[in-house]
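Please work through the following exercises with the sequence and the coordinates side by side. Each task is followed by a solution that proceeds step by step.

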Amino acid sequence: MPNGILIFAEHRDGSFNKASFEAVAAGQQLGAAMGQPVSAVVLSADATLAGEIAGYKIEKVVSVENAKLDEYTPDAYADAMERAVRALDPAFVVMPHTYLVRDFAPKLAARFRKDVISDCVRASVEGGTVTFSRRIFLGKIDADVVAAGEPPVFATFQSGAYRAEQAEKGGGAAVESMPVEVGDVRMKPEAPFQEVKAAVDLSKAEIIVAVGRGIKGQEHLALAQKLADALGAELAASRPICDAGWLPIDRQIGSSGQTVAPKLYVALGISGAIQHLVGMKNSGTIVAVNKDPEAPIFDIADYGIVGDLFEVVPVLTEEIKKLKG
Ligand SMILES: Cc1cc2nc3c(=O)[nH]c(=O)nc-3n(C[C@H](O)[C@H](O)[C@H](O)COP(=O)(O)OP(=O)(O)OC[C@H]3O[C@@H](n4cnc5c(N)ncnc54)[C@H](O)[C@@H]3O)c2cc1C
């Protein structure tokens with residue numbers, strides 16, 4: 001009988017991405033709610049990688065090993081994961097909703113004649129039944145999904161749905177290696193495409209200062225940049241700013257940009273359209289500066305300043321500089 005939660009931890013160039021630790025948090029919470037053991041799988045023979053995941057409160061980490069896994073290909077990953085899932089027989093396979101997972105997970109699930117319940121923002125457990133919630137219609141509606149049929153259930157979680165800091169440390173997880181057979185790899189990988197190798201990975205930023213159309217012109221971005229520098233923050237933007245070419249596309253937050261969950265998100269002159277909110281509403285603390293007191297961004301802001309950003313931001317920057325000495 002399938003049992004337990006199996007977390008897929010994604011690594012590239014010798015390190016895990018933040019979304020993998022969020023998947024650890026999701027897997028741990030699901031395991032606790034279901035009363036089922038939690039383990040993780042790392043597709044690499046690198047003992048350091050497995051050791052890092054073993055530092056979390058989980059039962060075991062399985063290093064799935066084959067030289068064909070050195071470079072990512074959907075063929076090799078699907079083969080290796082299929083073998084790991086068949087051997088470990090989990091009830092749930094929990095994965096981060098990254099580009100890489102989106103690429104191979106449907107192929108993997110299809111081998112079990114399963115769907116992937118993708119891009120979930122929550123998993124709640126009642127009476128032993130797990131309900132996965134996913135945002136649909138550009139985040140306007142949450143759909144609750146319950147998997148039909150036999151396990152395993154394959155689910156991916158949206159970046160920011162769980163916080164990486166919520167992943168409980170523990171240590172003492174057993175590390176096992178599992179050499180696997182991998183069939184023919186039919187594709188030759190090229191360099192990862194731009195989003196993965198973006199100049200800035202905003203999902204890793206602890207503080208983000210984001211600008212919207214209220215900034216009026218590219219020449220005023222320096223104002224926001226000074227605030228970002230004072231806070232040690234990354235600069236980001238709403239879509240119109242990137243569409244105008246004032247900032248590169250990899251700094252766009254929202255449904256067609258990056259999804260982020262920094263500790264602090266400062267929104268300057270951003271109205272709070274749903275397509276922007278879906279990309280940042282899981283941030284720890286949200287501060288909004290907007291001259292319109294009715295702007296929807298204030299519905300989700302923890303702190304709001306109703307005012308002209310051209311007056312507010314310089315004062316804010318100076319005060320922060322003073323605080324930091
Ligand atoms: C399919 C689709 C996908 C989309 N994807 C995204 C996405 O990924 N990310 C995204 O952001 N948007 C996205 N959008 C666009 C989205 O609908 C909004 O149009 C956009 O988010 C608005 O950006 P904004 O808040 O900067 O501009 P506006 O909505 O124009 O808001 C500007 C705000 O600035 C305030 N303001 C003006 N002057 C000042 C001042 N001096 N001081 C303080 N405040 C001031 C105004 O009160 C206003 O609230 C998408 C839309 C579609 C249809």
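The exercises below concern a predicted model, and they go from its sheets to its helix pairs, its backbone details and its ligand shell.

**Exercise 1. Determine the strand order of the five-stranded sheet and identify the helices that pack on it.**

Step 1. The five strands form an open sheet in the order S13-S12-S14-S15-S16, and their pairing is parallel.

Step 2. The edges are taken by strand S13 (234-237) and strand S16 (303-306), each of which pairs on one side only, and the twist from one strand to the next averages 15°.

Step 3. For the pairing of S12 (residues 207-211) with S13, four bridges can be traced between these parallel strands, and one residue pair to look up is Val211 with its bridge partner Ala237 in S13.

Step 4. Helix H5 (residues 221-231) packs on this sheet, where it touches S12, S13 and strand S14 (264-268), and its direction makes about 170° with that of S12. Helix H9 lies across S14, S15 and S16, and runs at about 135° to S15.

**Exercise 2. Describe how H5 and H9 are arranged with respect to each other, and give the residues that make their contact.**

Step 1. The axes of H5 and H9 come within 9 Å and cross at roughly 20°.

Step 2. Angles under 35 degrees count as roughly parallel, and H5 and H9 are therefore roughly parallel to each other. The handedness of their crossing is left-handed.

Step 3. On the side of H5 the contact is formed by Leu223, Ala224, Lys226, Leu227, Ala230 and Leu231, while H9 contributes Val313, Leu316, Thr317, Ile320, Lys321 and Lys324. Sorted by class, this contact has eight nonpolar residues, one polar residue and three charged residues.

**Exercise 3. Work out the order of the nine-stranded sheet, and explain why S9 and S11 have one side without a neighbour.**

Step 1. The order in this open sheet is S9-S8-S7-S10-S6-S1-S4-S5-S11, and the pairing is mixed.

Step 2. S9 and strand S11 (174-179) stand at the edges with a single partner strand each, so one side of each has no neighbour in the sheet. On average, and with direction ignored, neighbouring strands of this sheet are turned by 35° against each other.

Step 3. Within the sheet, strand S1 (residues 5-8) runs parallel to strand S4 (residues 38-42), to which four bridges join it, and Phe8 stands opposite Val41 in S4.

Step 4. Helix H3 lies across S1, S4, strand S5 (60-65), strand S6 (92-96) and S11, and runs at about 140° to S5.

**Exercise 4. Classify the packing of H3 against H4.**

Step 1. Helix H3 (residues 74-88) and helix H4 (residues 99-110) pack at an angle of about 45°, and their axes are 9 Å apart.

Step 2. H3 and H4 are therefore oblique to each other, and H3 passes H4 in a right-handed crossing.

Step 3. The contact is made by Pro74, Tyr77, Ala78, Met81 and Glu82 from H3, together with Asp103, Phe104, Lys107 and Leu108 from H4. By class, six of the residues in the contact of H3 with H4 are nonpolar, none is polar and three are charged.

**Exercise 5. Locate the cis peptide bond, and then the positive phi of Asp13.**

Step 1. The cis peptide bond joins Pro151 and Pro152, with omega about 5°, and Pro152 belongs to the loop between strand S9 (141-145) and strand S10 (153-157).

Step 2. Asp13 is not a glycine, yet its phi is positive, at about 50°, and Asp13 lies in the loop between strand S2 (11-12) and strand S3 (15-16).

**Exercise 6. Characterise the shell of residues around the ligand.**

Step 1. The ligand is surrounded by 27 residues, and the closest are Gly212, Gly214, Ser238, Gly254 and Ser271.

Step 2. By class, the shell comprises eight nonpolar, 14 polar and five charged residues.

Step 3. At least two residues of the shell are supplied by each of helix H6 (239-243), helix H7 (274-277), strand S15 (285-290) and helix H9 (309-324).

Technical notes: Residues numbered from 1 in each chain as written. Predicted model: local features only at pLDDT ≥ 70, side-chain atom pairs only at ≥ 80, totals over all residues. Near = placed C-beta within 6 Å. Nonpolar A, V, L, I, M, F, W, Y, C, P; charged D, E, K, R; others polar. Pairing = 2+ DSSP bridges. Axes fitted to C-alpha atoms, helices over the stretch in contact; angles between N-to-C directions. Contact = placed C-beta atoms within 7 Å. Parallel < 35°, antiparallel > 145°, perpendicular 65-115°, else oblique. Left-handed = near helix turned anticlockwise from the far one by under 90°.
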